[in-house]
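Here is a protein to get to know by asking about it. Please look at the sequence and the structure first.

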Amino acid sequence: MARAAAARPLGPRRPAPLVLPGCPYSVSVVQEGYCRAQADGSTLADGTVSLVLGPRLTLVDTGGPWARERLLAGLAERGVAPGDVAHVVCTHGHSDHAGNLNLFPRAQLIVGTDVCQPGGRYLPTGLRQGVPYVIHAGHLEVLPTPGHTGSDVSLLVLGTSLGSVVVAGDLFEHQDDEGEWVALSEDPARQAESRARVLAIADVIVPGHGPPFQVLREGAGGGTQ
């Protein structure tokens with residue numbers, strides 16, 4: 001029963017741009033994630049990498065170590081050096097999302113529900129109890145969104161040109177992932193709950209292995225917005 005509920009579609013969607021301007025924060029997709037089945041039964045994959053530009057420069061996921069140079073090039077194209085990054089949020093600990101953490105020793109590292117200051121000082125937070133971790137009050141919050149793994153998190157960015165953006169890692173594999181994400185989930189029932197919570201607050205979702213998409217809701221006049 002839990003799996004059937006987890007697989008239920010959760011609302012209409014449409015593509016969103018790769019750059020979402022805003023004030024004081026904008027979101028730029030540095031690398032669009034992908035996941036491709038291979039003829040030998042293996043999977044070729046890398047995770048989406050997003051840069052949140054603003055007063056507290058934040059990177060969400062770092063891709064796999066095989067894409068190190070591409071990550072550095074993508075940051076440089078946006079005028080950013082690794083030492084400029086104040087916070088790195090890894091939505092979970094899989095190698096295609098957390099493979100380049102060593103590039104950011106000066107940043108605060110938020111890896112799943114662990115929050116670590118430069119130098120290895122770990123901070124107490126309420127993430128494991130379901131309490132968001134605030135990076136910048138009113139603008140950036142790390143949300144606990146378990147399911148894909150037990151310690152998955154997402155980053156909520158408020159105030160972009162398209163509204164609230166949730167950079168969600170593998171909470172959403174891609175825009176049309178119904179029927180796919182359940183097989184990759186450690187806890188489909190919890191992930192279904194996390195997906196529903198995010199769909200209720202997000203105007204745009206940046207998934208782990210595809211381009212951003214908008215979440216459409218019923219408007220006052222009965223149409224979608």
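The questions and answers below go through this predicted model.

Q: What is the mean pLDDT of the protein?
A: The model is predicted, and 91% of its residues reach a pLDDT of 70 or more. The mean over the protein is 92.

Q: Over which residues does the pLDDT stay under 50 or fall below 50?
A: Where pLDDT is low, the predicted coordinates should not be read in detail. One such stretch has twelve contacts in the model beyond four places in sequence. Another has nine contacts beyond near neighbours in sequence. They are residues 1-9 and residues 220-225.

Q: Which residues does UniProt list for the domain Metallo-beta-lactamase?
A: The record is an unreviewed entry. The span it lists is 17% helix and 31% strand. Its end C-alpha atoms lie 7 Å apart. The listed span is residues 46-209.

Q: Which strands stand at the edges of the open sheet of eight strands?
A: The order is β2-β3-β6-β7-β8-β9-β10-β11, with mixed pairing. Each edge strand has a single partner, so one side of each is left without a neighbour in the sheet. The edge strands are β2 (19-20) and β11 (121-122).

Q: In which sense do β8 and β9 pair?
A: Strand β8 covers residues 87-90 and strand β9 residues 108-111. Val-88 stands opposite Leu-109 in β9. Four bridges link the two strands, and the sense is parallel.

Q: How many residues of β6 are buried?
A: β6 runs antiparallel to β3, with five bridges, and Ser-26 stands opposite Leu-53 in β6. β6 also runs antiparallel to β7, with three bridges, and the two form a hairpin with four residues between them. Helix α2 (residues 68-77) lies across β3, β6 and β7. β6 is mostly covered, and of its five residues the buried ones number four.

Q: Which residue in β7 is the bridge partner of Ser-50?
A: β6 and β7 are joined by three bridges. One bridge pairs Ser-50 with a residue in β7. That partner is Val-60.

Q: Which strands stand at the edges of the open sheet of seven strands?
A: This sheet has the order β1-β17-β16-β15-β14-β13-β12, with mixed pairing. Neighbouring strands are turned by 25° against each other on average, direction ignored. Each edge strand has a single partner, so one side of each lacks a neighbour in the sheet. The edge strands are β1 (13-15) and β12.

Q: Which residue in β14 does Leu-140 stand opposite?
A: β13 and β14 run antiparallel. Five bridges join them. Opposite Leu-140 stands Val-157.

Q: What angle does helix α4 make with β15?
A: Helix α4 (residues 188-201) packs on the sheet. It touches β1, β13, β14, β15, β16 and β17 (213-215). Its direction makes an angle with that of β15 of about 155°.

Q: Which element gives the most to the largest nonpolar core?
A: This core has 22 residues, and those touching the most other members include Val-52, Val-142 and Leu-155. Elements giving two or more residues include β3, β12 (133-136) and β13 (140-144). With three residues, the element that gives the most is β14.

Q: How many residues are in the other core?
A: It lies apart from the largest one. Among its members are Val-49, Val-80, Val-85 and Cys-90. Its number of residues is 17.

Methods:
Residues are numbered from 1 along each chain as its sequence is written. This is a predicted model: local features need pLDDT of at least 70, side-chain atom pairs count only at pLDDT 80 or more; totals for chains, interfaces and linings use all residues. Side-chain values use heavy atoms; hydrogens and water are left out. UniProt positions are given in the numbering used here, feature names are shortened, and annotations may be inferred rather than shown by experiment. Two strands pair if DSSP finds at least two bridges between them. Contact means heavy atoms within 4.5 Å. Axes are lines fitted to C-alpha atoms, for helices over the stretch in contact, and angles run from 0 to 180 degrees between N-to-C directions. pLDDT is the predictor's confidence in each residue, from 0 to 100. A nonpolar core is a set of buried Ala, Val, Leu, Ile, Met, Phe, Trp, Tyr and Cys residues joined through side-chain atoms within 4.5 Å. Buried means under 20% relative accessible area, exposed over 50%, partly exposed in between (1.4 Å probe, protein chains only).
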